[in-house]
Amino acid sequence: MDRARGAALQLRPLPPTSSADPGGSEASFSYKENLIGALLAIFGHLVVSIALNLQKYCHIRLAGSKDPRAYFKTKTWWLGLFLMLLGELGVFASYAFAPLSLIVPLSAVSVIASAIIGIIFIKEKWKPKDFLRRYVLSFVGCGLAIVGTYLLVTFAPNSHEKMTGENITRHLVSWPFLLYMLVEIILFCLLLYFYKEKNANNIVVILLLVALLGSMTVVTVKAVAGMLVLSIQGNLQLDYPIFYVMFVCMVATAVYQAAFLSQASQMYDSSLIASVGYILSTTIAITAGAVFYLDFIGEDALHICMFALGCLIAFLGVFLITRNRKKAIPFEPYISMDAMPDEGAG
């Protein structure tokens with residue numbers, strides 16, 4: 001009797017545990033979702049980068065010709081707009097499949113693609129003797145960013161949770177996230193006070209404001225995207241009020257994030273914004289995802305360390321890519337502000 005009771009107690013916790021699948025099908029499914037999300041994000045960032053450079057090329061071509069047409073009357077500009085929307089849709093959908101901590105750093109793909117497209121397609125002609133001096137750091141940076149991206153995808157957290165209204169609400173009122181939000185609000189208010197009242201126009205101050213808002217944007221984007229995908233699959237989530245709360249927060253934080261980024265673009269070189277903004281935004285967004293969605297719960301130390309190493313290598317790659325870019329003095333408002341790493345690529 002006691003032996004049977006002991007066996008029952010041992011077996012009882014096994015059914016709800018995701019790792020209890022003896023065939024490994026659950027783990028395989030999780031890695032498949034990670035791969036789908038990563039591929040969608042890479043595709044989206046790549047297409048957005050192509051779109052932005054197409055629009056930039058359209059403006060450059062019109063400015064250097066006697067064509068009286070406005071830019072929005074050209075097929076090239078509309079093709080760029082269509083590709084931008086397609087790419088943003090891919091990035092948005094990627095959050096529904098993979099952990100936030102995996103998707104956010106993959107924006108380095110935009111920097112890599114813009115560097116390559118800019119050199120081949122838009123950049124002024126270069127002489128062979130000047131090639132190594134001008135572009136060697138960009139190619140080294142691209143190589144490092146690719147290595148970092150590989151490590152990120154390989155050692156990304158494997159946490160997968162259905163984005164139901166109940167789960168999101170539970171995370172939203174959990175004490176770790178409430179404490180995190182308190183710290184973030186206090187820090188945001190302090191930075192805003194120094195920026196507005198003390199004229200602290202340092203790029204780190206402005207981009208920290210952008211990064212703090214951006215961390216909330218990606219948290220809400222994952223919630224909205226996940227609930228939409230579940231609804232499309234037949235598990236309706238649109239009748240939960242938390243969906244509309246997250247949607248409003250997503251739009252509001254994205255708008256204010258773009259406003260601060262626009263101000264930064266008028267004061268600083270876009271290449272500097274690309275590198276510093278990527279590092280700050282990625283770091284804070286990963287922290288927010290780890291607190292809200294518990295991305296790294298259950299991960300072993302080796303995977304976490306390798307993931308962190310991938311982030312550091314990607315950071316260094318982005319920094320090298322943007323280090324020797326020419327300063328873009330005029331501010332070009334036709335470039336999407338929510339894709340800041342691409343602005344310095346032209």
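**Notebook: helix packing and a few single residues**

I started at Ser231 and, leaving aside neighbours within four places in sequence, found it in contact with Leu236, Gln237 and Leu238. The model I am reading is a predicted one. Ser231 belongs to helix H9, which covers residues 203-232. I looked up its relative accessibility and got 16%, so Ser231 counts as buried, the cut-off being under 20%.

**Overall make-up**

I then stepped back to the whole chain. I counted 12 helices and 0 strands in the protein. Read along the sequence, the pattern is α-α-α-α-α-α-α-α-α-α-α-α. Of the 346 residues, 47% are buried. I also checked how far apart in sequence the contacting residues lie. Among contacts with a separation of 6 or more, 82% are between residues 24 or more positions apart. The exposed surface comes to about 18,000 Å², and carbon and sulfur atoms supply 70% of that area.

**H9 against H11**

Next I took the pair H9 and H11. I noted two values for it, since two packed helices are described by the angle between their axes and the distance between the axes. For H9 and H11 the angle is about 40° and the axes are 8 Å apart. H9 is therefore oblique to H11, as the angle falls outside the ranges for roughly parallel (under 35 degrees), roughly perpendicular (65 to 115) and roughly antiparallel (over 145). The crossing of this pair is right-handed. On the H9 side I listed the contact residues as Ile203, Val204, Leu207, Leu208, Ala211, Leu212, Ser215, Met216, Val218 and Val219. On the H11 side they are Leu272, Ile273, Val276, Gly277, Leu280, Ser281, Ile284, Ala285, Ala288 and Phe292. By class, the residues of this contact are 17 nonpolar and 3 polar, with no charged ones.

**H8 against H10**

I did the same for H8 (residues 175-196) and H10 (residues 241-267). Their axes come within 14 Å and cross at roughly 40°. H8 and H10 are therefore also put down as oblique to each other. The crossing of H8 and H10 is left-handed. In H8 the residues that meet H10 are Phe188, Leu192, Tyr195 and Lys196, and in H10 their partners are Phe260, Gln263 and Met267. I sorted the residues of this contact into 5 nonpolar, 1 polar and 1 charged.

**Ala264**

While in H10 I looked at Ala264, which is found in that helix. Its relative accessibility is 0%, so Ala264 counts as buried. Setting aside neighbours within four places in sequence, I found Ala264 in contact with Ile206, Leu207 and Ile273. Leu207 and Ile273 had already appeared in my list for H9 and H11. I also took the C-alpha to C-alpha distance from Ala264 to Asn202 and got 9.1 Å, across 62 residues in sequence.

**Two loop residues with positive phi**

Last, I checked the backbone of two loop residues. Asn199 sits in the loop between H8 and H9. Its phi is near 55°, a positive value in a residue other than glycine. Is Asn199 buried or exposed? Its relative accessibility is 56%, so I entered Asn199 as exposed.

Leu294 is placed in the loop between helix H11 (270-292) and helix H12 (301-323). I read a positive phi of about 55° for Leu294, although it is not a glycine. At 36% relative accessibility Leu294 counts as partly exposed, because that class lies between the 20% and 50% cut-offs.

Definitions and conventions. Residues are numbered from 1 along each chain as its sequence is written. This is a predicted model: local features need pLDDT of at least 70, side-chain atom pairs count only at pLDDT 80 or more; totals for chains, interfaces and linings use all residues. Side-chain values use heavy atoms; hydrogens and water are left out. Axes are lines fitted to C-alpha atoms, for helices over the stretch in contact, and angles run from 0 to 180 degrees between N-to-C directions. Helices (H or I, at least four residues) and strands (E, at least two) are DSSP runs, numbered from the N terminus. A crossing is left-handed if the near helix is turned anticlockwise from the far one by less than a right angle, and right-handed if clockwise. Contact means heavy atoms within 4.5 Å. Ala, Val, Leu, Ile, Met, Phe, Trp, Tyr, Cys and Pro count as nonpolar, Asp, Glu, Lys and Arg as charged, and the others, Gly among them, as polar. Buried means under 20% relative accessible area, exposed over 50%, partly exposed in between (1.4 Å probe, protein chains only). Accessible areas come from the Shrake-Rupley method with a 1.4 Å probe; for residues, only the protein chains shown count as cover.
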